[in-house]
Amino acid sequence: METPGSQSSLHRANLERVVRAVRLAGSLTQAEIARSTGLSAATVSNIVRELKDGGTVEVTPTSAGGRRARSVSLSGDAGIVIGVDFGHTHLRVAVGNLAHQVLAEESEPLDVDASWVDGFDRAEALVGRLIETVGVGRDKVIGVGLGVPGPIDVESGTLGSTAILPGWTGINPRQELSDRLGVPVYVDNDANLGALGELVWGSGRGVKDLAYIKVASGVGAGLVINGQIYRGPGGTAGEIGHITLDESGPVCRCGNRGCLETFAAARYVLPLLQPSHGPDLTMDRVVQLGQEGDPGCRRVIADVGRHIGSGVANLCNLLNPSRVVLGGSLAEAGELVLAPIRDSVSRYAIPSAARQLTVLPGALGGRAEVLGALALVLSEMGDSTVLEGSSTSGAALGRVAVSSAR
């Protein structure tokens, strides 16, 4: 047993500090590790050598500032993580390693309104299929990140009341998937995971304060403050879709009137165009037609952008983020929607906050949430798990690869 304050416990703590820095960044040079951990260059060099000899990290030649350097990343054999994203109309699963490399990814249509049992059955089957595709042992699975399109109660872990997933209210998605797969599961809503995905792999790289706005069946925001997702004490931070724009406006699914969601979400926007464009119109098609010059679609996209901009202006005044990233299918409209957002921000936000803000489309498209699920595991998993190997944390997965429906 290690004694607190002993040389062995100090060495163990330094090992974990180095592993944590590399795990969160994906890869770092030894000089960057020293700066981020506060350890001396000599200590970092010795620790990296020890971790390399033990197979925990890989070291490859690189350059930094025009000088030769050594890039350190977690070994591809150190373990794998899995991301699962339940969208309103799709299921997407990705497998990645601890070096932030995506090894396999697949999506399929899914009507989440049909049955949560069917949704988890299919997620379980798809996870098993992708693990086989990657060709690693199931004992290498360290954890699973799970995204759902609804608020998660922080205390109980259950999915809160929502009109988007009425049949899922009250279930504990983390416990359900953990029971099926036998590994730790980390769960969050889709907007938060979209923010994480863009922060690590996409348009949010290099900043510590941003808001990811997802416009789909609902409207939500993932908030990143000082590099960390901000969820609030009850887990409902970021519900930008329920900012009131017009107290005499349409009744929202939350029970209030004139919420931003009633002016921007697909379920409210599409009926405006369906009389002239047909009942099968989708937001993807609206964006496509708008880019092709359809005047009605262009007008609706611009109106949605202005309404979203009003909500973003409120965020600017409250939180002063340096970047806003627009996700969901609407982001594919580019300047058709981004320019009106910027116009509203300029009009309604405090001038200094508006000047500091950059509004960008998401770089990851529909992959943002599932990649964010991978990033969630990478940020939440313990460093001791990497150092001790993942065999104990993932051993149970082999017993329940693709179990029967429940």
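**Exercise 1.** Is Asn-226 buried, partly exposed or exposed, and what is its relative accessible area?

*Solution.* The model is a predicted one, and the first step is to place the residue, which sits in the loop between S10 and S11. The next step is to read the relative accessible area of Asn-226, which is 57%. Because the class exposed begins over 50%, Asn-226 is exposed. A further point on the backbone is that Asn-226 has a phi near 55°, a positive value in a residue other than glycine.

**Exercise 2.** Apply the same steps to Asn-320 and state its class.

*Solution.* Asn-320 lies in the loop between helix H10 (295-319) and strand S12 (323-327), and its phi is positive, about 55°, although it is not a glycine. With a relative accessible area of 38%, Asn-320 is partly exposed, since that class lies between 20% and 50%.

**Exercise 3.** Describe the largest pocket by its volume, its central residues and the classes in its lining.

*Solution.* The largest pocket holds about 1100 Å³ of space. Of the 45 residues that line it, His-88, Lys-214, Ala-216, Ser-217 and Gly-218 are the closest to its centre. Sorting the lining by class gives 15 nonpolar, 20 polar and ten charged residues.

**Exercise 4.** Which helix gives the most to the lining of the second largest pocket?

*Solution.* The second largest pocket has a volume of about 630 Å³, and the elements that each supply at least two residues of its lining include helix H1 (7-25) and helix H13 (368-380). H13 gives the most, with five residues.

Note on methods:
Residues are numbered from 1 along each chain as its sequence is written. This is a predicted model: local features need pLDDT of at least 70, side-chain atom pairs count only at pLDDT 80 or more; totals for chains, interfaces and linings use all residues. Side-chain values use heavy atoms; hydrogens and water are left out. On a 1 Å grid over the protein atoms alone, a cavity is a set of points where a 1.4 Å probe fits but cannot get out, and a pocket is an open set with protein on both sides within 12 Å along at least five of seven lines; lining residues have an atom within 4 Å of a point. Grid points are joined across faces, edges and corners, and a volume is the space filled by probe spheres set on the points. Ala, Val, Leu, Ile, Met, Phe, Trp, Tyr, Cys and Pro count as nonpolar, Asp, Glu, Lys and Arg as charged, and the others, Gly among them, as polar. Helices (H or I, at least four residues) and strands (E, at least two) are DSSP runs, numbered from the N terminus. Buried means under 20% relative accessible area, exposed over 50%, partly exposed in between (1.4 Å probe, protein chains only).
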